[in-house]
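Biologist: Hi, do you have a few minutes to go through this structure with me? I'd like to begin with the charged contacts.

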Amino acid sequence: MITRKYGCYWMHIFVKAEDAKADVDIERRLFIDIGEIHPFVGWNDVDNEFVFFNGRHIRSLKQLRLKLIAKKQSMLSKRQKGSGRWRRVKQSFDEQIWKLERKITDLECKYIKALLDYCLEHRIGRVVIGDLKGIRENNDKGNGVNQKIHNVWRFRKLVDRLKYKLSTYGIRVVEVSEEFSTQLCPVCGESNKPNGRIYKCKCGFIFHRDFVGAIGIARNFYNFELKRGFKWLAPEKICVEVFKVDIDKAEVKSIVVCLRPRSWNGTPAVRRSSPFGARNPHFSAGSVMCVMA
């Protein structure tokens, strides 16, 4: 199939390939909270460990793309439509926007490949994600939040790519309700609204809200799908595999870190540098266990 985009012709070749056979166990599950900032934050219930995909670099590229679109519209409105200057401005911005679009898609696909490799390594046969259908309906929360939900967060494309890639290896993707997934405390069960990226409960539990959301997805899966109770056995220390984009090489690298929440045992932990971002580190990091290329 041949299509025309931004003044160039593109040839699309479709090749039919057989599904790969992978050694996975359907009873091993990975519960994933899909977010606007961090695309995937998951919890492996068998090993009781977390995976964290830092998506701030990808989000910055999406915001830059929106700025270019706005500047393009502003400059085109000042010129006669169809004139030579109008065509040159349009072609220049279209090329820049298209390059950014390809870079965003490439990094998202690399994140999905990293998630697939994690599932194959841990023999995970089922990935449970939150059902985001209807999240944009009757959801007017101001210009800033609306821009994030409607223009920056392209969750449906991400979910479709995730289903396509994992199903090739026999890994099933299940969508469950996200009801109260980030509000109910996984330790005591009380309902609290998170403040920013931090989740705080009256019982003294303080943790990253995306990790609480992943545990909430697991709770909804056990309650609604398996029709049985769920209880998270909170360990003293938590193993987290952090995936982050290497900006210079445009590659995805991971590091395994041993962490504990700041007020795990009622006493505030020492604030140190966090692999989750420079702003407001929410963890007391322990020793680095290993670094993976």
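Modeller: Happy to. Keep in mind that this is a predicted model. A good place to start is the salt bridge between the side chains of Arg 161 and Glu 108, with N and O 2.8 Å apart.

Biologist: Where do Arg 161 and Glu 108 lie?

Modeller: Arg 161 sits in helix α4 (residues 155–167) and Glu 108 in helix α2, so the pair ties together parts that are 53 residues apart in sequence.

Biologist: Is Glu 108 buried or exposed? And what about Arg 161?

Modeller: Glu 108 is buried, because its relative accessible area is 6%, a value under the 20% cut-off. Arg 161 counts as partly exposed at 23%.

Biologist: Which residues are linked with Glu 108 and Arg 161 in a network?

Modeller: Lys 62 joins them, giving a network of salt bridges made of Lys 62, Glu 108 and Arg 161. Lys 62 is also one of the buried residues of α1.

Biologist: Nice. How many salt bridges does the count come to?

Modeller: The count is 15. Another one pairs Asp 106 with Lys 110, where the closest N and O atoms are 3.2 Å apart.

Biologist: How are Asp 106 and Lys 110 placed in their helix?

Modeller: They are four residues apart in helix α2 (residues 84–121), so about one helical turn separates them. As a general point, an α-helix has 3.6 residues a turn, so residues three or four places apart point the same way. Asp 106 is partly exposed at 34% relative accessible area, and Lys 110 is partly exposed too, at 28%.

Biologist: Got one more salt bridge for me?

Modeller: Sure: Asp 246 and Lys 253 meet through their side chains, at 3.3 Å from N to O. Asp 246 counts as buried at 18% relative accessibility, while Lys 253 is partly exposed at 32%.

Biologist: Let's switch to the hydrophobic side. Which residues touch the most other members of the largest nonpolar core?

Modeller: Leu 30, Ile 32, Phe 40, Phe 53, Val 127 and Ile 129 do, in a core of 38 residues. Two or more residues each come from β3 (25–33), β5, α1, α2, β6 (124–130), α4 and β10. The largest share is from α2, with 14 residues.

Biologist: What does Val 127 touch?

Modeller: Leaving out residues up to four places away in sequence, Val 127 contacts Leu 30, Ile 32, Cys 119, Leu 166, Ile 171, Arg 172, Val 173 and Val 174. There is also a second, separate core of 27 residues, whose members include Val 176, Phe 211, Val 212 and Ala 214.

Biologist: Phe 31 caught my eye. Where is it found, and what does it touch?

Modeller: Phe 31 is in strand β3 and counts as buried, at 0% relative accessibility. Beyond residues up to four places away in sequence, its contacts include Val 41, Trp 43, Val 128, Ala 214, Ile 217, Phe 221 and Tyr 222. Phe 31 and Ile 215 are 184 residues apart in sequence, yet their C-alpha atoms are 7.2 Å apart in space.

Biologist: Back to α1 for a second. What span should it have?

Modeller: Helix α1 (residues 56–76) has 21 residues and should span 30 Å at 1.5 Å a residue; its end C-alpha atoms are 30 Å apart, so the two agree. Its buried residues include Ile 58, Leu 61, Arg 65, Leu 68 and Leu 76.

Biologist: And on the surface, which residues make a nonpolar patch?

Modeller: Ile 2, Tyr 9, Met 11, Ile 13 and Val 15 make one of about 670 Å². Met 11 is in strand β2 (residues 8–11) and counts as exposed at 60% relative accessibility.

Biologist: Last topic: backbone angles. Which residue other than glycine has a positive phi?

Modeller: Asn 48 has a phi near 55 degrees. Asn 48 sits in the loop between β4 (41–44) and β5 (49–53) and is partly exposed, at 22% relative accessibility. Lys 227 also has a positive phi, near 55 degrees, in the loop between α5 (209–225) and β10 (238–246). Lys 227 is exposed, with a relative accessible area of 66%.

Biologist: Why pick those out?

Modeller: Because most residues other than glycine have a negative phi.

How values were computed. Residues numbered from 1 in each chain as written. Predicted model: local features only at pLDDT ≥ 70, side-chain atom pairs only at ≥ 80, totals over all residues. Heavy atoms only, no water. Patch = residues over 30% accessible without salt bridge, like charges linked within 9 Å, V, L, I, M, F, W, Y side chains within 5 Å. Areas by Shrake-Rupley, 256 points an atom, 1.4 Å probe, with all protein chains shown as cover. Salt bridge = Lys/Arg side-chain N within 4 Å of Asp/Glu carboxyl O. Buried < 20%, exposed > 50% of the residue type's maximum accessible area, 1.4 Å probe, protein only. Expected span 1.5 Å × (residues − 1). Core = buried A, V, L, I, M, F, W, Y, C linked by side-chain atoms within 4.5 Å. Contact = heavy atoms within 4.5 Å.
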